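The following paragraphs lead through one structure, beginning with a single residue pair and widening from there. Please keep the sequence and the coordinates at hand while reading.

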Amino acid sequence: MDLAEAARAVRENAYAPYSNFQVGVALRTPEGQVFTGCNVENVAYPEGTCAEAGAIAAMCAAGGREIAEVYVIADSPHPVPPCGGCRQKLAEFAAASVRVTLATVDGDEKVMTVAELLPGAFTRAHMD
Ligand code: THU
């Protein structure tokens, strides 16, 4: 499945009545499975749950534990980078070299690696 298409489609399901900012994410595992997520807000915590976290949760729920590629899309003037918490969540399951494509609905794309998104990441190796 095409990650860009999957992310664009799931973005339509985002529940974002507080920010009016819908985000869609699709990720692929090394086995080729694709999981998607959208942001889901609520009145008590209007920032809600990010689309990245949704896609990661779907992957984990299906038993997946590794991310090979990620695609994030939003309706913004410039490709929107994941928030700090999502960078750490991505780094938990994705190698430093994994590509994360940030996109706008108008077709602008910026490709970054997980290492570029979270330089100097805190990893399990630091607890050895
Ligand atoms: N949001 C995401 O879902 N992913 C991002 O990468 C950036 C921000 C959501 C959270 C919230 O629902 C809305 O966008 C505004 O911050």
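R28 stands opposite V34 in β2. The model in which this pair is found is a predicted one. The strands concerned are β1 and β2, which run antiparallel and are joined by five bridges. In general, strands of a sheet pair through backbone hydrogen bonds, either parallel or antiparallel.

The pairing of β1 with β2 belongs to a wider arrangement. Five strands form an open sheet, and their order is β2-β1-β3-β4-β5, with mixed pairing. At its edges lie β2 (34-38) and β5 (109-113), each of which pairs on one side only. With direction ignored, neighbouring strands of this sheet are turned against each other by 15° on average.

Two helices may be considered against this sheet. Helix α1 lies across β1, β2, β3 (67-74) and β4 (94-104), and runs at about 145° to β1. Helix α2, which comprises residues 51-61, lies across β1, β2 and β3, and its direction is at about 140° to β2.

The packing of α1 can be followed at the level of residues. Buried in this helix are L3, A6, A7, V10 and R11. These residues are on the same side of α1, because they cover an arc of only 130° around the axis. The strands against which the buried residues of α1 pack are β1, β2 and β3.

Between α1 (3-11) and β1 (23-28) there is a loop that contains N20. The backbone of N20 deserves attention: its phi is positive, at about 55°, although N20 is not a glycine. With a relative accessibility of 65%, N20 counts as exposed.

The cysteines remain to be discussed. How many disulfides does the structure hold? The structure holds zero disulfides, and the distances between sulfur atoms explain why for the residues treated here. A disulfide would require two cysteine sulfur atoms within 2.5 Å. For C83, the closest cysteine sulfur is that of C86, at 3.7 Å, and therefore too far for a bond. The sulfur of C60 also has that of C86 as its closest cysteine sulfur, but the separation is 13 Å, so this pair too is too far apart for a bond. As to their surroundings, C60 is partly exposed, with a relative accessible area of 25%, and C83 likewise counts as partly exposed, at 38% relative accessibility.

How values were computed: Residues numbered from 1 in each chain as written. Predicted model: local features only at pLDDT ≥ 70, side-chain atom pairs only at ≥ 80, totals over all residues. Heavy atoms only, no water. Buried < 20%, exposed > 50% of the residue type's maximum accessible area, 1.4 Å probe, protein only. Helix = DSSP H or I, 4+ residues; strand = E, 2+ residues; numbered from the N terminus. Pairing = 2+ DSSP bridges. Axes fitted to C-alpha atoms, helices over the stretch in contact; angles between N-to-C directions. Contact = heavy atoms within 4.5 Å. Arc of directions from axis to C-beta.
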